[in-house]
Amino acid sequence: MSAIMHIGLDDTDSTKGGCTTYLAAVLIEKLEKFSIQFKDYPTLIRLNPNVPWKTRGNGALCLRFTYPTEFEIKIKTAAMELWEEHSAIKERGTDPGIVFYKNNELPNELQAFAKKTETTIVTLKEAMVLIKKLGAEAAGFNTCRGIIGALAAIGEPLEGDYTYELIAYRTPENLGTKRRVDEASIFEMDRSTLPYTFNNVDSEKSRVIITPRGPDPILFGIRGESAEILKKAFEIIKPLEPVERWVIFRSNQGTDAHLKPIKALSDLEPYSSIIVKGIVSQNPRVIPLRHVIFSIKDNSAEVDCAAYEPTGNLRKIARELVVGDSVEVYGAVNKATATKPLTINLEKINVLNLMPQVIYENPLCPNCGKRLKSMGKSQGFRCEKCRVKYADLKKTSLSLTRTIKVCMYFTSTRSQRHLTKPFRRYGQEKHGAYNCGMIDEWHFP
């Protein structure tokens with residue numbers, strides 16, 4: 001007899017090392033010894049990036065497979081042992097969780113829970129109530145907060161838009177050293193696979209961004225539209241150190257899954273990620289560290305929007321806005337404090353309408369053509385060259401050409417969140433239920 005099992009994993013790493021995707025990669029190799037058949041690629045689900053206690057990428061993992069029921073205990077034991085081995089339970093802020101769920105279908109309530117974790121705050125109590133209701137099993141260390149993400153990863157079927165990521169891992173002896181990958185080959189890969197891979201390089205800085213800088217075991221990760229294009233990209237890249245293993249994940253990365261449209265500024269909630277329309281109500285101002293702040297309003301409220309220095313080009317665009325411009329902003333809502341109001345940290349700005357920008361100049365002297373000087377409000381003008389006064393002339397208006405256009409503007413690639421949909425993905429969104437199957441070689445070993 002066979003059955004279906006879903007294993008969810010979250011928050012096993014720490015600032016000193018480790019990676020939950022690596023745990024999933026090792027677990028894949030371990031589970032195949034029990035004659036299992038994977039129903040899907042392992043899924044990498046990025047959760048709400050605006051929660052205060054998030055891990056580096058705030059990603060949870062799920063493995064879905066059919067298995068011979070006589071191996072159920074051995075499968076769970078193997079998973080638990082690896083989970084405990086790879087969880088940094090002694091490190092502050094690491095709160096690992098693991099969930100086992102046996103069912104052919106994902107109930108609507110479970111899917112709704114997963115969507116909620118992508119956009120707002122979810123409590124452990126909510127997760128445990130649902131686990132009990134579903135008859136699932138869970139375990140956790142420390143605060144056990146990882147159980148929330150583990151359950152959410154199980155509940156996210158990735159129907160609708162999704163992407164893929166191929167992650168290559170380092171050998172143990174190279175951990176903690178500078179990653180060695182031929183950078184020219186990464187730029188070549190990006191050129192050869194565009195527009196079907198994304199966020200490989202930062203064109204503004206001519207910098208590679210697929211290689212992390214921390215102590216985790218990831219050598220590099222390539223994101224793209226299909227498993228096939230990732231295999232092609234992988235073959236172009238030239239690692240200069242051994243690759244221990246690699247795995248292709250299916251993911252909600254690059255899909256804007258975290259952004260929830262709201263109708264009014266008064267509906268903003270701290271720690272949520274939103275899309276909302278408004279009219280620029282206060283001109284942009286530059287604050288220390290070169291951050292740009294402007295305000296928008298609607299009929300319900302007024303709120304600050306912040307384009308921080310790392311957003312690069314988006315900060316420059318924000319500076320060009322003027323009072324009266326109509327915009328749709330995308331970003332994370334920061335909680336108000338005693339010294340800082342509720343603020344939207346910008347990821348994108350969709351300019352909907354631009355106010356005409358008009359300046360008024362003193363008229364020219366009818367005799368010599370030199371610009372006249374004002375003699376004061378409603379007192380006319382005089383020409384310093386001709387020494388003639390003019391009481392009946394008025395200032396002339398001049399319409400300026402705006403330097404920005406009605407279109408969507410994005411934060412720089414280097415500062416985009418994992419979930420942010422980049423420009424390259426627009427027009428490539430997927431729709432409907434996932435039924436693409438799996439390629440034969442989607443992991444090694």
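Student: In this predicted model, what covers the buried residues of α2?

Tutor: The cover includes β1 (2–10), α1 (20–31), β4 (59–68), β5 (97–101) and β6 (137–140).

Student: Which residues of α2 are buried, and why do they lie on the same side?

Tutor: As a general idea, an α-helix has 3.6 residues a turn, so residues three or four places apart point the same way. In α2, the buried residues are E72, I75, K76, A78, A79, L82 and W83. Their arc around the axis is only 160°, which puts them on the same side of α2. I73, K74, E81 and E85, on the other side of α2, are exposed.

Student: What does the charged end of K76 sit over?

Tutor: The charged end of K76 sits over the ring of F100, 6.0 Å from the ring centre.

Student: How should one read an aromatic pair, and how many does a search of the whole structure find?

Tutor: Two rings pair if their centres lie within 6.5 Å, and planes over 60 degrees apart count as edge-to-face. The search finds 14 aromatic pairs. One of them is edge-to-face, between F38 and F65, with 6.0 Å centre to centre and 70° between the planes. F38 lies in strand β2 (residues 37–38) and F65 in strand β4, so this pair ties together parts that are 27 residues apart in sequence.

Student: Are F38 and F65 buried or exposed?

Tutor: F38 is buried, with a relative accessible area of 14%, and F65 is buried at 0%. F38 also forms an edge-to-face pair with W442, at 5.3 Å centre to centre and 85° between the planes. W442 lies in the loop between β24 (408–410) and β25 (443–444), so its pair with F38 ties together parts that are 404 residues apart in sequence.

Technical notes:
Residues numbered from 1 in each chain as written. Predicted model: local features only at pLDDT ≥ 70, side-chain atom pairs only at ≥ 80, totals over all residues. Heavy atoms only, no water. Buried < 20%, exposed > 50% of the residue type's maximum accessible area, 1.4 Å probe, protein only. Helix = DSSP H or I, 4+ residues; strand = E, 2+ residues; numbered from the N terminus. Arc of directions from axis to C-beta. Contact = heavy atoms within 4.5 Å. Phe/Tyr/Trp six-rings, centres within 6.5 Å; stacked < 30°, edge-to-face > 60°. Lys NZ or Arg CZ within 6 Å of the ring centre and 35° of its normal.
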